[in-house]
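Here is a short tour of the empty space inside a protein model, followed by a look at one of its chains. Have the sequence and the 3D view open as you read.

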Amino acid sequence: MEKDTEVYKATVKDDLTKWQNVLKAHSSVDWLIVIVENDAKKKNKTNILPRTSIVDKIRNDFCNKQSDRCVVLSDPLKDSSRTQESWNAFLTKLRTLLLMSFTKNLGKFEDDMRTLREKRTEPGWSFCEYFMVQEELAFVFEMLQQFEDALVQYDELDALFSQYVVNFGAGDGANWLTFFCQPVKSWNGLILRKPIDMEKRESIQRREATLLDLRSYLFSRQCTLLLFLQRPWEVAQRALELLHNCVQELKLLEVSVPPGALDCWVFLSCLEVLQRIEGCCDRAQIDSNIAHTVGLWSYATEKLKSLGYLCGLVSEKGPNSEDLNRTVDLLAGLGAERPETANTAQSPYKKLKEALSSVEAFEKHYLDLSHATIEMYTSIGRIRSAKFVGKDLAEFYMRKKAPQKAEIYLQGALKNYLAEGWALPITHTRKQLAECQKHLGQIENYLQTSSLLASDHHLTEEERKHFCQEILDFASQPSDNPGHKIVLPMQSFAQLRDLHFDPSNAVVHVGGVLCIEITMYSQMPVPVHVEQIVVNVHFSIEKNNYRKTAEWLTKHKTSNGIINFPPETAPFPVSQNSLPALELYEMFERSPSDNSLNTTGIICRNVHMLLRRQESSSSLEMPSGVALEEGAHVLRCSHVTLEPGANQITFRTQAKEPGTYTLRQLCASVGSVWFVLPHIYPIVQYDVYSQEPQLHVEPLADSLLAGIPQKVKFTVTTGHYTIKNGDSLQLSNAEAMLILCQAESRAMVYSNTREQSSDAALRIQSSDKVTSISLPVAPAYHVIEFELEVLSLPSAPALGGESDMLGMAEPHRKHKDKQKTGHCMVTTDHKVSIDCPWSIYSTVIALTFSVPFRTTHALLSSGTRKYVQVCVQNLSELDFQLSDSYLVDTSDSTDLQLVPLNTQSQQPIYSKQSVFFVWELKWTEEPPPSLHCRFSVGFSPASEEQLSISLKPYTYEFKVENFFTLYNVKAEIFPPSGMEYCRTGSLCSLEVLITRLSDLLEVDKDEALTESDEHFSTKLMYEVVDNSSNWAVCGKSCGVISMPVAARATHRVHMEVMPLFAGYLPLPDVRLFKYLPHHSAHSSQLDADSWIENDSLSVDKHGDDQPDSSSLKSRGSVHSACSSEHKGLPMPRLQALPAGQVFNSSSGTQVLVIPSQDDHVLEVSVT
Amino acid sequence: MAVCIAVIAKENYPLYIRSTPTENELKFHYMVHTSLDVVDEKISAMGKALVDQRELYLGLLYPTEDYKVYGYVTNSKVKFVMVVDSSNTALRDNEIRSMFRKLHNSYTDVMCNPFYNPGDRIQSRWALLPVSASSPGGPYFLCPIQSRWALLLCPIQSRAFDNMVTSMMIQVC
């Protein structure tokens, strides 16, 4: 409006006023005045006063309060920034005002609509009317491209209607709803191809729509909007809900629907929705969203199936006239095909019409749909659903008498149910499968399925009986092929519950009778007569000899003989939990020759259970390779009637060949039907053994003691030999062993299983050479046990038993030796040869007796007086009573007297303790050079009161030589002169006095003896040794002296010694040796003295602990090494004087040594 | 009011399944079994998120014409499936949720029974009695040592569970 002010005032204002009035008349408040300005006008813009421009005028005139209702648009046709700006401002304003206007108007509309809705409880209210109102709002939104909002309107309508239906169901009926309850006359499905189905809309407007019409229309609108919103999958999901819902609502409202009409409607609708979705999506999208559409497919399949059944299209014969009438009615309800689909070849309408037209066409469509559904389910991993549809398909095939096609579906489904352990579906599917297999003539499979069904607790008693009868009928048929067997697994027929051996250790000797009692739990509902029950037995000869012995068998099979078999966990799938526990056993393999351990390890006995494939559980259903084992060894039980439930069946067998028998298979035959348990698990074995007669003799105690009666156990294992009357054991007597006959000894007879069968008195006859023991009568494979007392005469141990001639000379060594040989008893072996009645060879048995005592003797001297000490040490575990000890001189010299110093005649000697006996030797004339003695002492076990026989005393013989004292050695230590006591570190004098006590005796006659002028002299070597390092010997510690052989000849030796410690110190030892010249002494100019002189080394250089002789020898060798000129020359020898010949009168004396004054350090050594 | 309630083990075999006696039991067995497809799908789809959120309720598994099948899965992957009549509009999501929660609690009680071996079928007295009477071993064989005690003690716990299920089937929430 670009005019002058004048023009404005003249005309425009009036026009505007008129326009405003028109607006007001229409009560419209939405308006906008636009003023278009020119550039020309602008030039004098500056001159113009405010409030004089046209804009201002118009604002003044019209926009008294709404100044924003006037917009200036400057130079709209020019291309300048100003123009751009003004355009923008204009459009923004326009948009704002438009929105405001819409908001206001829609708000008002919604308010009105809400008011209308609130009136819904009023009697005259009509849903259809309201529907139209709200739909108008939806249209508005749709036009404004606000599809979301539009959809909300329809959803609200949907919810409102649903609520009414629910309320109606609850008895709260609205009048208008009865209109929707009119019978369904048309079922032509959803129409989704047009954005608005005006036909249906009009019928709603006219209030003539049926429930299906309303729902169809509503959904078609929702579908359209959802597709605008790019949400096709929601369409599919909502469609399924809608269809379900409609069916429910019709039911709820009790609308009368002709049979099949709804099926038609649902089928058509499903296909329509699917086609609609397919029409707006590409293939890839559809494929990736099968999960959303598959429900519709499945629903359509289901509906088509029920239509087929309804119209008689599934039966073998085809539809009858009634079916045809029904079909015609159904087709009539479809009406004519819609024009919009008339040209499409695959329209739902055409499909349905065609499917219902003939049996063949139906089959084709149904199979197409089913296969498509199964495929879709499978492709998205819904295996269970696929199987379920497959089962429907199988049912269809069965109806069509095509069992070969049904089988695969049934098997597939069954496998699935079995794998997951669904009992009822298993039973149901199996029943269908049985029928299928029967039609197919798969006899074995059918019988197997029948047996499974007959044992199925989910079936009724009648059904089970029926299937059981099927098996029995087949079994009783005369077979055209007599050798033909139908092998079925046993589990379904009967279960092996437990097995019991008699004898219970399952070990039987050759010829013995073994009973095996099994408990079979029959699963059949009726008693079944079984011709025979056979157990196949695998026989193996044990390679390992050790295992075959009766002892081993009886020892290792101590079970109670009952083996329980785990029940079949058929209804459970194989899950981790139901796996059996590991059965681990230790395994030892011994070498056959010497029974030593070859290998050892752990074996798992049920590996085959644990490592089998998981699918194998379902292989029970298959006519699996249950192989019948034909073995030479069978246990058989004929004509058994298995009652339902537990049955006891007993097998008896007589053992023939020795070896191990393993029960492998269990078969029950009913006619030509064999029920086979292919593996008996856990492994059941019995052993048959054959045994040679054997005799064992073993002591009852750990070891037999000599000298007292000891019990010995005789065990006769009869083996296959039967002991007859008069059979006896002939024992050839050993000289030193007596068999004591006791009147009351009895023999026990046991069976091999250690059950006592009898006992009998034992008759023993003894002659001097042979003892005969007559055995009691005993059958084969029994054990005779008896005990005998034997007595080994206590012989004195051979003199080889070391006799301590050294006496007190070397107490340390003696002690050590004792410890070494300390606790082992001297043993004697007695061999007894026994002739057994079953063998021509005699058995030699060695019995080892231990001498319970160990005896040592010692010669003790006191000056010239002599004592003999005998020590008896009890090494056994028993306590004894010693009595009547004697020591006699066997050489019978009257001159010698043995005076016992023992006071008690009876003396107990406890286990591991010793008793000492002492006698003094007395003689009147010259003592003999040697003395032969025999010690004897009576003994008896302290515990036993009275023995039947008198026991021989224990004797000990020994010889004492050179017991007469020839030399007396006396040593003394004197403090240095002028001192009262010896001090450490100061030299003291040691005086050794060697005195000859007797004149020339026989014992002196040796190489060292030299004779000159009736005077005899011998060479002795003395040596001072301090074993405890108390003294330092200064200067020569040893020397050779020539000793006149005459009584009271004395030799005195002086030496310097220095005490190293303070205190009471024992004197150093003085040892005396006989100094023997070399055999060829004359050839040596070597002076022994000089040799000794040369040996300037002191004794302390040598280890004191070393045995003297060796120290001397080593010294000799040192010498020979250092003085080469003597090399190869013969050396004189040293010989220790026998202990009895030297008496050290100063042994045991001590000397007090006080510490030196300047000694601030006191060494204390504790040893 | 549920028409069928099932407890299904992790390995997908039924631990307990009970339906209204008036209707065909077999149909529900098939239905529950088939619903496991969707349960599996939902569990694998939710995956870790499910564990984190501790949302055990799986919601509506799928509707059929006559029934609605709902699912619930415990942390140990034991599934509860409940079938509800479609016409029963009173049962909303919340009610179903609380029913599942109750069921879960009862199931936990059963698991607490020291005589119950996890993985065994939960036997109601109805299932147990005919079994013990007709076949001492039967399909639900109890090992000899346990059997006497099991017969005495098992029903106490499983009866509580059974009663709970019964109440859910009768009660109109």
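## Cavities and chain B

In this predicted model, a search for enclosed space finds 8 cavities of 30 Å³ or more. The largest cavity holds about 130 Å³ of space. If you would like to find it on screen, go to N188(A), L190(A), E272(A), R338(A) and Y349(A), which are the closest to its centre among the 13 residues that line it. Rolling a probe the size of a water molecule over the atoms is what reveals such empty space.

Which helices of chain A each supply at least two residues of this lining? They are α11 (261–280) and α15 (348–355). As for the chemistry of the wall, the lining of the largest cavity divides as follows:

| Residue class | Residues in the lining of the largest cavity |
|---|---|
| Nonpolar | 7 residues |
| Polar | 3 residues |
| Charged | 3 residues |

Now let's turn to chain B. Its fold has 4 helices and 5 strands, and following the sequence you meet them in the pattern β-β-α-β-β-β-α-α-α.

How much of chain B is buried? Of its 173 residues, 49% are buried. Contacts that span the sequence are worth a look too: taking those in chain B between residues at least 6 apart in sequence, 59% join residues at least 24 apart. On the outside, chain B exposes about 8,100 Å², and carbon and sulfur atoms supply 58% of that area.

Methods
Residues numbered from 1 in each chain as written. Chains lettered and ligands numbered in written order. Predicted model: local features only at pLDDT ≥ 70, side-chain atom pairs only at ≥ 80, totals over all residues. Heavy atoms only, no water. 1 Å grid on protein atoms, 1.4 Å probe; cavity = no way out; pocket = protein on both sides within 12 Å on 5 of 7 lines; lining within 4 Å. Points joined across faces, edges and corners; volume = space filled by probe spheres on them. Nonpolar A, V, L, I, M, F, W, Y, C, P; charged D, E, K, R; others polar. Buried < 20%, exposed > 50% of the residue type's maximum accessible area, 1.4 Å probe, protein only. Contact = heavy atoms within 4.5 Å. Areas by Shrake-Rupley, 256 points an atom, 1.4 Å probe, with all protein chains shown as cover.
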